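Welcome, and please open the structure in your viewer. We will go from stop to stop, with something to select at each one.

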Amino acid sequence: MELQLESIVLPGIDPVCPLMIAGPCSAETEEQVVSTAVELASVGVRIFRAGIWKPRTKPGGFEGIGSEGLGWLKRVKRETGMYTTIEVATRNHVFDALKAGIDILWMGARTVVNPFAVQEIADSLSGMDVPVLIKNPVNPDLELWIGAIERIYRAGIRRIGAVHRGFSSYENKGYRNTPHWQIPIELRRRIPNLPILCDPSHIAGNRELIHSLAQQAMDLKFDGLLIEVHCSPDKAWSDAKQQITPKQLKQLLDTLIIRDTDHPSEDLADLRNKIDGIDDQLLSLLASRMQVAEEIGRYKKANNMPVLQTTRYGQIIEQKSEMAKSMKLNPDFIKEIMKQIHEESVRRQMDIMNINQTENSK
Ligand code: PEP
Ligand code: MN
C-alpha cells in the first residue's frame, strides 16, 4: 500500500532541523507542567509532550492525572506558544484531546500492539485533520507497526509519523527496550516518505544512555527526537530514572552532531562500486553453496540418511565463529549468518525429500 503522506512539521517550526518534542513522562501538577514547559520554551523547544492517561505495567501506581491536565496544557500553549502533544489510547481520549486543542496525538507502544484499540482510535479520527505519531509496538513486529500506520491512514489522516521507542525483550541487554535499529531502517525502506522519530528515553530507561542513543538516531537519519524532560527528574511520579532536566536537554542538543552532507564524491562512488562487487561475489558463493547442499540432500535421500545431523550443524557454527574471531569479525554476527545459511540448506534438502516422497506415492 503506497501512502500519500503530508509533512508533520507544523507552521513556524524549522523544517530542516530535526523535529524536537520534549516534556515530562506524565503531567503531575499544574506547577510541574508549566515550569517544565517554560524552561523548555526558553531553550528553543517548540513541541511539548506530557502523558495525561498513563498505561502502567502494574496497578496501584500513578495512572495519570486525566482530563484535568488538559487545562494545564492549554495554559502551556497560551503562555509559551508551544504546540502540545499527548498519548491517546481510547475513543474518549481522542475526543477530549481534540476538544482541548491538543496539536499532535500519539499512540503508545501498548496500544499499537492491539489492532482493536488502533481501529477504535482510527474510527474516532475519521474526518479529522490532526498529525498522529505512532510508536512501535512493544514486540519487535514490523508488520504490526505498519498495520497501525495503515489503519490511521485509512481513516483519512495524512500527517503521520512513526516513533521508534525500542522493543521489550526477555534478555536484559542494558536497555529498558532493545533498539533493534534494523526494524525502523526496514520501515524506512517500506514507507520512504514516512517521518521517523526516535524516543531515546524509553529505549534507554536511564538518563546516561540518552545522548548516545539520540546521536545514533541522528546518524541513521531519523527525522526527530522525542525526549522525556522534567523540571525535577528525580522526583518524577513515573519514569524518574530516564528523565533529564531542560538544561541537560539543551546540553544534549548543543552537542548533537547532525551529519547532513549528502554529496557523494568520486571516492565514495569507488568504494560503493567495490561493495557492490563484493556483494555480487557473496551471492554467487551462496548460490554455489546451495547447489552443493542440494547434492548432499540427494545423497542423504539415496542412503536413507536424515536431513538434520545435529553434531555436524554444531561443528559448523562453532568452527566458523572461531574463524570469525581470527578474522576480526564479530562471532555473534557470523553465528547468525551461518544459522540462516544452514536453515536455508535444510529447507532445500527437505524439499528434495518431499519431492521424492510425492513421486513415490504417485
Ligand atoms: C510515554 O511516552 O510516556 C510512553 C508511555 O511511551 P511508550 O508507549 O513508548 O511506552
Ligand atoms: Mn514515560
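Select A109 and ligand 1 to begin: a backbone N or O atom of A109 sits 2.8 Å from an oxygen atom of ligand 1. Keep in mind throughout that this is a predicted model.

**Stop 1: around ligand 1**

Stay with ligand 1 and add the side chain of K135, where a polar atom lies 2.8 Å from an oxygen atom of the ligand. Next add R165, which has a side-chain N or O atom 2.6 Å from an oxygen atom of ligand 1. How much of the accessible area of ligand 1 does the protein cover? On its own, ligand 1 has 290 Å² of accessible area, and the protein covers 97% of that.

Now show the full shell: C25, R49, K54, E87, W106, G108, A109, R110, K135, R165, H202 and E228 surround ligand 1. Colour these residues by type, and you will find 3 nonpolar, 2 polar and 7 charged.

**Stop 2: the manganese ion**

Select ligand 2, the manganese ion. Which residues coordinate the manganese ion? The donors are C25 through SG, H202 through NE2, E228 through OE and D239 through OD, at 2.1 to 2.4 Å. Along the chain, these donors follow the spacing C-x176-H-x25-E-x10-D. Trace the backbone from C25 to H202 and you pass between distant parts of the chain, 177 residues apart. C25 is in the loop between β1 (19-23) and α1 (30-42), while H202 belongs to helix α8 (residues 200-204). Are C25 and H202 buried or exposed? Both are buried.

**Stop 3: L40 in helix α1**

Move on to L40, which you will find in helix α1. L40 counts as buried because its relative accessibility is 0%, and buried means under 20%. Then pick H230 as well: 190 residues separate L40 and H230 along the chain, yet their C-alpha atoms are 9.4 Å apart.

**Stop 4: helix α6 and the loop after it**

Select L142, a residue of helix α6. Its relative accessible area is 12%, so L142 is buried. Draw a distance from L142 to P233: the C-alpha atoms are 32 Å apart in space, with the two residues 91 apart in sequence.

Continue to R159, in the loop between α6 (142-154) and β6 (160-164). With a relative accessible area of 16%, R159 is buried too. Show the side chain of R159 and look for D129, whose backbone oxygen lies 3.3 Å from a polar atom of that side chain.

**Stop 5: helix α11**

Select residues 266-302, the 37 residues of helix α11. Why is a span of 54 Å expected for α11? The helix should span 54 Å because each residue contributes 1.5 Å, counted over one less than the number of residues. The C-alpha atoms at the ends of α11 are 54 Å apart, in agreement with that expectation.

Highlight M290, A293, G297 and K300, which are the buried residues of α11. Just after α11, click on N304, where phi is positive at about 60°.

**Last stop: the whole protein**

Zoom out to see the protein in full, with its 13 helices and 8 strands. Along the principal axes, the C-alpha atoms fill a box of roughly 80 × 50 × 40 Å. Colour by burial to finish: of the 362 residues in the protein, 42% are buried.

Note on methods. Residues numbered from 1 in each chain as written. Chains lettered and ligands numbered in written order. Predicted model: local features only at pLDDT ≥ 70, side-chain atom pairs only at ≥ 80, totals over all residues. Heavy atoms only, no water. Near = heavy atom within 4 Å. Polar contact = N/O pair within 3.5 Å; in protein donor to acceptor, adjacent residues only side chain to side chain. Areas by Shrake-Rupley, 256 points an atom, 1.4 Å probe, with all protein chains shown as cover. Nonpolar A, V, L, I, M, F, W, Y, C, P; charged D, E, K, R; others polar. Helix = DSSP H or I, 4+ residues; strand = E, 2+ residues; numbered from the N terminus. Buried < 20%, exposed > 50% of the residue type's maximum accessible area, 1.4 Å probe, protein only. Donors = N, O, S within 2.8 Å, 3.2 Å for Na, K, Ca; no water.
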